[in-house]
Amino acid sequence: MLTNQNILLAISGGIAAYKCAELTRRLKERGANVRVVMTHAAKAFITPLTMQAVSANPVCDDLLDPAAEAAMGHIELAKWADLILVAPATADVIARINAGIANDLLTTVILASDAPLALAPAMNQQMYRAQATQDNIANLTKRGAKIWGPAQGEQACGDVGPGRMPEPMELVQLTELYFAADKGILDGITLTITAGPTREALDPVRFISNHSSGKMGYAIAAAAIDAGASVNLISGKVAIPTPQKAIVTNVDSALEMHAAALSLAPKSDIFIACAAVADYRPVDVADQKIKKSADTMTITMTKNPDIVADVAALTEDRPYTVGFAAETQDVEKYAKGKMQRKNLDMICANDVSKGGQGFNADANALSVFWQGGSEMLPLTDKKQLGKALIALILSQFKRV
Ligand code: C5P
């Protein structure tokens with residue numbers, strides 16, 4: 001997907017710099033040309049020789065090096081790039097780029113380039129949360145820079161929080177998605193996704209529901225739209241903004257979601273079931289508000305149809321079908337079992353036993369399985385994860 005794309009990898013001085021060798025190899029594997037610029041501090045974490053070996057190009061680290069300038073000067077380098085990826089992007093380099101300071105080769109090349117800019121912030125969580133850093137990132141975003149990450153989790157300094165550089169594979173997927181979106185590779189693809197909770201009515205004012213926020217499904221919908229797809233979003237009641245350009249069908253109950261899904265799925269190339277659908281609904285829905293009377297109350301419930309299984313069972317116009325699974329143990333075994341049972345092409349498993357991820361959280365991690373392969377998408381915010389997942393779904397969908 002990255003054939004002949006020129007990627008300038010700009011490495012600043014954070015511990016995550018050691019992952020740049022892996023990042024470069026994975027980008028090159030996909031056909032990209034990679035050139036590397038480094039700050040002086042970056043060289044304390046990974047050597048220019050390593051980066052030269054993996055990128056197969058000389059590494060530039062000095063603005064005033066006559067030999068390097070004679071080979072490929074900094075202005076040439078700035079013009080060569082189709083994308084500049086600053087990874088890791090330290091608080092310091094983010095501040096300098098935002099301020100337009102050009103006091104080393106890396107910041108000079110960025111200032112001299114009109115190439116799209118992506119930054120993968122990596123720093124201590126408190127430095128990331130600092131107002132100065134947040135203002136710098138907000139300002140760069142306003143100017144069109146892409147911010148990839150940071151991931152949440154344990155940091156080299158022992159702190160826990162946001163500030164980890166996304167894993168190399170995730171940056172590769174975001175890069176692929178960027179170029180895919182740029183070329184409109186998803187133009188013409190229709191994707192239908194279910195998201196959020198269902199509400200199963202008991203009477204006109206009460207219902208049975210769950211804590212699904214819809215954030216994961218909405219993030220996937222937004223990522224697919226960014227990549228050029230036409231997106232039908234079938235949504236239960238949520239309290240988050242609708243992605244622009246999504247064609248939304250609002251539903252309450254599982255039966256309504258089922259009807260909408262089975263009408264839209266045959267017109268779609270890809271169907272993703274991200275909704276938290278109630279397995280059962282009350283048999284009787286009272287016309288009037290149920291009055292308080294006895295000390296106990298029994299509600300008889302009946303099984304809801306399995307929406308994703310019914311889509312996967314379509315014999316005509318069956319879309320590439322992706323399900324989700326929330327598991328608390330033996331994630332791989334149960335997820336794969338669900339994939340076979342429901343006849344899915346792919347399943348994305350959440351480990352809901354881990355804190356801070358999954359239901360209602362802003363971050364999530366997914367173990368993704370398909371017929372013949374698997375990939376782990378590490379803990380990151382749901383927006384980034386949505387992009388990585390869309391890139392993964394597309395890489396598999398095209399092979400079917
Ligand atoms: O069987 P389980 O509920 O764990 O399966 C989860 C997957 O199935 C999710 O993709 C969910 O959206 C989908 N599902 C569905 N209809 C149901 C129940 C679950 O589409 N009635």
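**Four residues, a helix and a ligand site**

In this predicted model, Thr198 sits in the loop that links β8 (190-195) to β9 (200-203). Being in a loop does not put Thr198 on the outside here: its relative accessible area is 0%, so it counts as buried, the cut-off being under 20%. The side chain of Thr198 has a couple of polar partners. One is the side chain of Glu200, with which it makes a polar contact at 3.0 Å. Another is the backbone nitrogen of Ala278, which lies 3.0 Å from a polar atom of the Thr198 side chain. Setting aside residues up to four places away in sequence, Thr198 touches Ile208, Ser209, Asn210, Asp252, Ser253, Ala254, Met257, Ala276, Val277 and Ala278.

One name on that list, Val277, turns up again around the ligand. The full set of residues surrounding the ligand is Ala273, Ala275, Val277, Asp279, Pro305, Asp306, Ile307, Val308, Gly323, Phe324, Lys338 and Lys342. Sorted by character, this shell has 7 nonpolar residues, 1 polar residue and 4 charged ones. Two elements, α12 (307-312) and β16 (320-327), each provide at least two residues of the shell.

Several polar atoms of the protein come up to the ligand. A polar backbone atom of Ala273 is 2.7 Å from one of the ligand's oxygen atoms, and a backbone N or O atom of Ile307 lies 2.9 Å from a ligand nitrogen. Lys338 uses its side chain instead, with a polar atom 2.4 Å from an oxygen of the ligand. As for overall cover, the ligand on its own has 440 Å² of accessible area, and the protein covers 84% of it.

Next come Ala221 and Thr242. Ala221 belongs to helix α10 (residues 215-226). With a relative accessible area of 0%, Ala221 is buried. Beyond its neighbours within four places in sequence, Ala221 is in contact with Ile193, Val231, Leu233 and Pro243. The C-alpha atom of Ala221 is also 8.2 Å from that of Asn232, which is 11 residues away along the chain.

Thr242 lies in the loop between β11 (230-235) and β12 (247-250). Is Thr242 buried, exposed or something in between? Its relative accessibility is 41%, so it counts as partly exposed, the class between 20% and 50%. Thr242 touches Tyr218, Leu233 and Val248, again leaving out residues up to four places away in sequence. Tyr218 is 24 residues from Thr242 along the chain, yet their C-alpha atoms are separated by 7.3 Å. Leu233 is worth a second look, since it appears among the contacts of Ala221 and among those of Thr242.

Thr107 gives another buried case, with a relative accessible area of 2%. This residue is part of helix α6 (residues 105-111). Apart from residues up to four places away in sequence, Thr107 touches Val93, Arg96, Ile97, Ile101 and Ala102.

Finally, helix α14 (residues 382-397) allows a quick check of geometry. How far should its 16 residues span at 1.5 Å a residue? The expected span is 22 Å, because the rise is multiplied by one less than the number of residues. The end C-alpha atoms of α14 are 21 Å apart, which agrees with that figure. Helix α14 is also mostly covered, with 14 of its 16 residues buried.

Terms used
Residues numbered from 1 in each chain as written. Predicted model: local features only at pLDDT ≥ 70, side-chain atom pairs only at ≥ 80, totals over all residues. Heavy atoms only, no water. Near = heavy atom within 4 Å. Polar contact = N/O pair within 3.5 Å; in protein donor to acceptor, adjacent residues only side chain to side chain. Areas by Shrake-Rupley, 256 points an atom, 1.4 Å probe, with all protein chains shown as cover. Helix = DSSP H or I, 4+ residues; strand = E, 2+ residues; numbered from the N terminus. Nonpolar A, V, L, I, M, F, W, Y, C, P; charged D, E, K, R; others polar. Buried < 20%, exposed > 50% of the residue type's maximum accessible area, 1.4 Å probe, protein only. Contact = heavy atoms within 4.5 Å.
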